[in-house]
Amino acid sequence: MTYTGRTLGIGLMNGEPFAFYLLCSRSFPKRKAIVKGRAVYIENLTETDNPYVSYPVVRLLDGYAVVTNGLQTDFIAQTLEWESPKKALTHVLDALDYERDNYSTPRIAGIIGTDGRGWLGFAGRDEFWVKTLGLKDGKAFVTATYDLGLVELDFPVFGSAEELAEKAMELPFENKVLAIGVVNEGSKWKVRAFP
């Protein structure tokens, strides 16, 4: 198995857009996801002065869902009020750049629209990209902070946000802590965390 660190994916299942976030961590495995209305937050449960281990991870808007591995979540959601998804990802990821921790952790971000369109972005120390992706049913485009790049995977069938989070936890990556599933059901976002 591969250690990918923070991992996220976007795709379509039965014509409906979905996104997932899989938190894999060697350094801070004691974390939980807290769902508050139209947002989800990662809370670290270990004492540390590291500012990057607790953060907003999901923000649900009327037309979009934003999923990232850091504080860029809220900035991207705010920028979507006046910019296209591609420009929102480009501007925010470029401005914030990678995290200034011991690992130079890349910032990753995804946006899915209720209309089935999707975008992913990556801001690393030596790599930067933002892509508009043609989503296909039963597949997910996935990226991660470490050792994955951008891949397209066949994704197992699921019927709810909770099942999506469970399926994300079954992906063949090391040190899995938790997963979050976001699905669009009849133009309404549903979000669940697992476990």
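## Two open sheets, their helices and a pocket

Over 5 bridges, strand β10 (residues 139–144) pairs with β11 in the antiparallel sense, where strands are DSSP runs of E with at least two residues, helices are runs of H or I with at least four, and both are numbered from the N terminus; two strands pair if DSSP finds at least two bridges between them. The model is predicted, so that local features need pLDDT of at least 70 and side-chain atom pairs count only at pLDDT 80 or more, while totals for chains, interfaces and linings use all residues. Residues are numbered from 1 along each chain as its sequence is written, and side-chain values use heavy atoms, with hydrogens and water left out.

Within the pairing of β10 with β11, phenylalanine 141 stands opposite glutamate 152 in β11. These strands belong to an open sheet of 6 strands with antiparallel pairing, in the order β11-β10-β1-β2-β12-β13. Its edge strands, each pairing on one side only, are β11 (150–154) and β13 (188–194). Neighbouring strands of this sheet are turned against each other by 20° on average, direction ignored; axes are lines fitted to C-alpha atoms, for helices over the stretch in contact, and angles run from 0 to 180 degrees between N-to-C directions. Helix α3 (residues 161–169) packs on this sheet, where it touches β2 (16–24), β12 (176–185) and β13, and its direction makes about 145° with that of β12; contact means heavy atoms within 4.5 Å.

A second open sheet, of 7 strands, has the order β3-β4-β5-β6-β7-β8-β9, again with antiparallel pairing. Here β3 (31–36) and β9 (128–133) are the edge strands, each of which pairs on one side only, and the twist from one strand to the next averages 15°. Helix α1 (residues 72–79) packs on the sheet, touching β5, β6 (64–68) and β7 (107–113), with its direction at about 30° to that of β5. Helix α2 (residues 85–96), for its part, lies across β6, β7, β8 (118–123) and β9 and runs at about 15° to β8.

β3 and β4 are joined by 6 bridges and run antiparallel; they form a hairpin with 2 residues between them, and glycine 37 in the turn has a positive phi of about 60°. Strand β4 (residues 39–44) is also joined to strand β5 (residues 55–60), by 4 bridges and in the antiparallel sense. Residue partners along β4 are listed below.

| Residue in β4 | Partner | Strand of partner |
|---|---|---|
| Isoleucine 42 | Alanine 33 | β3 |
| Isoleucine 42 | Tyrosine 55 | β5 |
| Alanine 39 | Arginine 59 | β5 |

Glycine 124 is found in the loop between β8 and β9. Glycine 124 counts as buried because its relative accessibility is 9%, buried meaning under 20% relative accessible area with a 1.4 Å probe and protein chains only. Neighbours within four places in sequence aside, glycine 124 is in contact with Asp97, Tyr98 and Pro106.

The largest pocket holds about 310 Å³ of space. A pocket is an open set of points, on a 1 Å grid over the protein atoms alone, where a 1.4 Å probe fits, with protein on both sides within 12 Å along at least five of seven lines, and lining residues have an atom within 4 Å of a point. Its lining comprises 18 residues, of which Arg6, Ser27, Tyr103, Thr105 and Tyr146 lie nearest the centre; the lining divides into 7 nonpolar, 6 polar and 5 charged residues.

Technical notes: Grid points are joined across faces, edges and corners, and a volume is the space filled by probe spheres set on the points. Ala, Val, Leu, Ile, Met, Phe, Trp, Tyr, Cys and Pro count as nonpolar, Asp, Glu, Lys and Arg as charged, and the others, Gly among them, as polar. Buried means under 20% relative accessible area, exposed over 50%, partly exposed in between (1.4 Å probe, protein chains only).
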